Amino acid sequence: MIAELGAFALMLALALSAAQAALSAAGRLRHSPALQGAGEGAALGAFIAVLLAFLALMDAFVRSDFSVANVAQNSTTTEALFYKVTGVWGSHEGSVLLWCLVLTGFGGLIVLFGDNLPRGLKALTVMTQGVLAVLFIGYTVFASSPFARLADPPAEGNPLNPILQDPTFAIHPPFLYCGYVGFSVVFSLGVAALIEGKVDAAWARWVRPWALTAWSFLTVGITLGSFWSYYTQGWGGWWFWDPVENASFMPWLAGAALLHSAIVTEKRGILVGWTVFLALVAFSLAMLGAFLVRSGVLTSVHAFAVDPTRGTLLLCILAIAAGSAFSLFAWRASKLTGGGLFAPISREGALVLNNLFLSTACATVLLGTLFPLIRQALTPNDPVSVGPPFYALTFMPLMAITLLLVPFGPMLAWKRGDLLAAAQRLWVAAALAVAGALIVLALARPAQVLSYVGLALGFWLIFGALAELVERTRLFRAPAAESLRRLGGLPRGAWGATLAHLGVGVFVLGACFESTWKLDNSQALTVGQSMTVGAYTLRLDSVTAQDGAGFSADRAAISAFRDGRPVCTLAPERRTYPLAAGQTISKKSICIRGASDLYVGLDDALPGTGDAQAWVVRAYWYPWARFIFIGPILMAFGGLISLSDRRLRFSLPQSAKARVGALKAKATP
Amino acid sequence: MVAVAAPILALAVGLTLYAMRDAVIFFYGPSQAETEHVPPGRLVRIGGLVAPGTVIRSADGMVRFSITDNVHAVPALYRGQLPDLFREGQGVVAQGVFDDAGVFQAHEVLAKHDEKYMPKEVVDALKKSGQWRETAAPAQAPAKSAS
C-alpha cells in the first residue's frame, strides 16, 4: 500500500513539476505575481511529493517488503538497518529517485532563498528547474520506477553487493548528487539570463553561492568515493582515470572554472557570456556523466548495472536539456553585454588565465573519456582504452602550469596589477617551496625528477596561500596587534579562497608522496611468523572465525612493531557472504601513522591445516596518503567558508544601509 | 585574450595528439595477442576468461593464471591483491605488459564488482574467436548496481 502511495506521489510530483514550469512561464509572460507564486507553490509541492515517494521507498527497504522488486533485488532481512536505509540509493532506480529528490529540493531552495532575484529572472529560473524536473521525474516514472511490484515475492532478498556495504560508500552518493544536481541551479540561472537577455554583476553574485554549494558537495562526494576505493580495492588505488571517475571530475573542473569566472563577472562586469556558458557546461557535464555511468557505453572498473535502453533515454534527456540550452546560448549570447577590455596583468587577467587552463584541462579529460567511443565508431574491431598514460601527458602538464600560477592571482590587484610587486611578495614562498622539495630529496631515497617538481609545486601552493595571508595582514611589517586585527577583519571569501588553494597544495603533496614512496610486501605467514614493510615489522598473532551481519569471516590479529616497539594491532578480515553466492571480500585494516597509512589485507588461506596453515598477508606503506583526502576536504571547507561570507549570502535581504554601501562601492570600484 | 588563449590551446592540442598516438591502451583477446605479436613492454589490456585450474597462488603473494578465449591462452603473472570477484571461469581484463618470455606481467587486474557482469571487450573477444555461446553467457545482470 505504501509503495503505491509512493508511486502515486511520484506521478503527482511529475504533474506538479509540469505545473511549475507552465505557471512560472505564464507568470513571466503576463507579469503576474499570482501565476508566478502559483508556480513557486508547485515547485515546493513537487519537492514534498518526491520526498514522500523517497520516504515510501525507504519504508519498503526498512520493512524489507520484498513484494517491491527493487527492495527484493537490493536488500536482505539480515542487513544492518544502516544498509537497508542506504540501499534506497544503491540501485539504479533508487539513485535516480535520489537525483529527482535533490533536483526538486534545489528547486524549492530557489523559491525560498531567491527573494532578492529580480522577479522575471526568478520566474524563469523556477521554470527551467521545473522543465528539468519533468524530464528526470518523467524518466523515473515511465522507465525506471522503483515501486514496481513482484507478483511472487521471495522470502529473502538479493543482497547489496558486499563490497558496497561500507559506510563511506553508502553515504557518498547523496554528496555526489548534491554536487551534480546542485549545478542545475546555475544551469537554470544561466538559461533564465539568456531568455531575459540580460546578465549583470548582480546575476553573477547570485550564481556564485549556488556554484560554490554544488562544487563543495561534489568535492566531498568525489573524495568519499576515492577514499572508499582507496581502502577497499586492496592495493590502495584512489584514482584510476576511469570513465566513471572522470564523469564526476569533469563537472568539478567546470565548476571550479565557473567559481573563478563568476568572481570576474561580479567584480568587473566582464566575461559575462563565458560565465553563462560555464554555468550551462557544468550541469551538462553532470548529465553526460549520468549517461556514461548508466548506459555502459564505456568499460569501467566500477560496476553499474547497465541498461542500453535506459542509456538511450538518458542520452535523449541530455540532448533535450543541453541541446536547447546551448542553442539558446548561440542565439542569445550576443545580447549579453559586458565584453569590455582588461589589462592582462591584473586579478581579472589571472582569473581568465585560470579559466583558460581549467577549461582546456577539462576538455582533455572529456576527450580522453570519449575517445574510445569515437574510435570504436570508426574502427569497431580494434577496441582501445585511455588510461593514466594519456592523462599524464595531457591533463598533468596543463594542470601543473595552472597550479604554478595560482599564488600569483590573489597577489595581483584588480584592473592593473604589478607582476614585479607580486613576484617580490612571493619570492619567500618560492624559496621555501624549493627548500621543502630539497629537504625531502635529502631525506627520502631518490626518485624520478617529476616527483620533486610535484613536491615543489605542492609546497609552492601552500606557502603561496600563506604568503597571501601574510601580505593581507601585514605580518612582520606592522605591529602584531595590528596584524591580528587585520586577520580578524579579513572577509570570509578571502579565507575561503586561501583555504581552498592551501587544500590543493596539501593534495598535491599527498599525491606525490604516496605515488613516489609507497611500499608493499606480501608474504605467506603462519601464526607467529613475521614480515616487514618499510620500517615496520608485522607479526601474525592469530586467525579466528567471526560472524557478522550476513557474513562469516576469518579475522586476523596482526601486531605491528617499529624498532621493536609495538605501535598498533591490525585486524584485516576475509569475509564470505553466503547470500551473495558465497562471494568473498577482503576487509582491509589500516593503522594511521601521522599522515601515513600502514595498510594490511588478508588474502586467501593457502592449502594446509593446523600449525602449518598459512595465510597470504599483503602489507602496504602509503606515506602521506591522508593528505590526498585532507586536501580536498580543505577545499570543500574553503568553499563553505566563502559561502558564509556576508557579501554572498543569498538568503537574507540586505539592509538598506548595506545596499546603499554596496551601490557606493559599485559606483567607485 | 586571443594572444593568451592561442598558445594554451596549441599546447593542449599538441599534447593530446601526441598522447593519442603513444598513450592509448589497445585491447587484445588472447587469440589476437597470439597472432599480432604485441611488442614486449607496451602497455596493453588483455581480456578473456580466467582459465579454470590455472590459478596458482604462491607464498610470496604472486598469482599465476591464464587468460583464455578457449582457443589460445595467455600466461599471466600478477603480484598484488586480486579483485574480490576474480574467479576461475569468470571474465577478466588485465592491464600490463608482455615480458620477453611472452608472459603477461599484469599491473592491474580489473574484475567487476558485480559477479554477473562480463566486460564488453571480453564478450567481443570471445565472439571473435568463435567461442561465444549465448548459453554460456552469464545471466544478464538484473537492475542491480553500485550506487
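Start by selecting residues 272-295 and 308-332 of chain A, which are helices α10 and α11 of this predicted model. Their axes come within 9 Å and cross at roughly 170 degrees. That angle is over 145 degrees, so α10(A) and α11(A) count as roughly antiparallel. By class, the residues where α10(A) meets α11(A) are 17 nonpolar, three polar and two charged.

Now show the side chains along this contact. On α10(A), the residues to colour include Phe277(A), Leu280(A), Met287(A), Leu288(A) and Phe291(A). Across from them, α11(A) contributes residues including Leu314(A), Leu315(A), Leu318(A), Ala322(A) and Phe326(A). Arg294(A) of α10(A) and Arg310(A) of α11(A) also belong to the contact.

Stay with Arg310(A) for a moment, in helix α11 of chain A. Is Arg310(A) buried or exposed? It counts as buried, because 21 C-beta neighbours lie inside 10 Å and the cut-off for burial is 20 or more. Leaving out residues up to four places away in sequence, Arg310(A) touches Ala143(A), Ser144(A) and Arg294(A). If you would like a distance to draw, try Arg310(A) to Phe147(A): 17 Å from C-alpha to C-alpha, with their positions 163 residues apart in sequence.

One of those partners, Ala143(A), takes you to the next selection, helix α6 at residues 119-143 of chain A. This helix has 25 residues and reaches 36 Å from its first C-alpha to its last, close to the 36 Å expected at 1.5 Å a residue. Colour α6(A) by burial and you will find it mostly covered, with 19 of its 25 residues buried.

Next, go to the beginning of chain A and select helix α1, residues 2-29, together with helix α2, residues 33-62. How do these two helices cross? Their axes come within 7 Å, at roughly 160 degrees, and α1(A) and α2(A) are therefore roughly antiparallel to each other. The crossing is left-handed. By class, the contact of α1(A) with α2(A) has 23 nonpolar, eight polar and two charged residues.

Keep α2(A) selected and check its length. Its 30 residues should span 44 Å at 1.5 Å a residue, and the 43 Å between its end C-alpha atoms agrees with that. Following α2(A), click on Ser64(A), where phi is positive, near 50 degrees.

For another helix pair, select residues 201-232 and 625-643 of chain A, which are α8 and α20. The two pack at an angle of about 160 degrees, with their axes 9 Å apart, and α8(A) and α20(A) are therefore roughly antiparallel to each other. Here α8(A) passes α20(A) in a left-handed crossing. Residues to display on the α8(A) side include Leu212(A), Trp215(A), Val220(A) and Phe227(A), while the α20(A) side includes Phe629(A), Ile633(A), Met635(A) and Leu640(A). By class, this contact divides into twelve nonpolar residues, six polar and no charged.

Leave Leu212(A) and Trp215(A) on screen, and add Leu259(A) from helix α9, residues 243-268 of chain A. Which residues does Leu259(A) contact beyond its neighbours within four places in sequence? They are Ala211(A), Leu212(A) and Trp215(A). Leu259(A) is buried, with 27 other C-beta atoms within 10 Å. A distance from Leu259(A) to Ala204(A) gives 9.7 Å between C-alpha atoms, for residues 55 apart in sequence.

Two loop residues make a good pair of stops for backbone angles. Most residues other than glycine have a negative phi. Select Trp241(A), in the loop between α8 and α9 of chain A, where phi is positive, near 55 degrees. Trp241(A) counts as buried, with 20 C-beta neighbours inside 10 Å. Then jump to Asp563(A), in the loop between β5 (551-562) and β6 (565-570) of chain A. Phi is positive there too, near 55 degrees, but with 8 C-beta neighbours inside 10 Å, Asp563(A) counts as exposed.

Finish by hiding chain A and showing chain B as a cartoon. What secondary structure does chain B have? You can pick out three helices and seven strands, following the pattern α-β-α-β-β-β-β-β-β-α along the sequence. Buried residues make up 39% of its 147 residues. For a contact map of chain B, look at pairs at least 6 apart in sequence: 56% of those contacts join residues at least 24 apart.

Terms used
Residues are numbered from 1 along each chain as its sequence is written. Chains are lettered from A and ligands numbered from 1 in the order in which they are written. This is a predicted model: local features need pLDDT of at least 70, side-chain atom pairs count only at pLDDT 80 or more; totals for chains, interfaces and linings use all residues. Axes are lines fitted to C-alpha atoms, for helices over the stretch in contact, and angles run from 0 to 180 degrees between N-to-C directions. Helices (H or I, at least four residues) and strands (E, at least two) are DSSP runs, numbered from the N terminus. Angles under 35 degrees count as roughly parallel, over 145 as roughly antiparallel, 65 to 115 as roughly perpendicular and the rest as oblique. A crossing is left-handed if the near helix is turned anticlockwise from the far one by less than a right angle, and right-handed if clockwise. Ala, Val, Leu, Ile, Met, Phe, Trp, Tyr, Cys and Pro count as nonpolar, Asp, Glu, Lys and Arg as charged, and the others, Gly among them, as polar. A residue is buried if 20 or more other C-beta atoms lie within 10 Å of its own, exposed if 12 or fewer, and partly exposed in between; C-beta atoms are placed from the backbone. Two residues are in contact if their C-beta atoms, placed from the backbone, lie within 7 Å. The expected span of a helix is 1.5 Å times one less than its number of residues.
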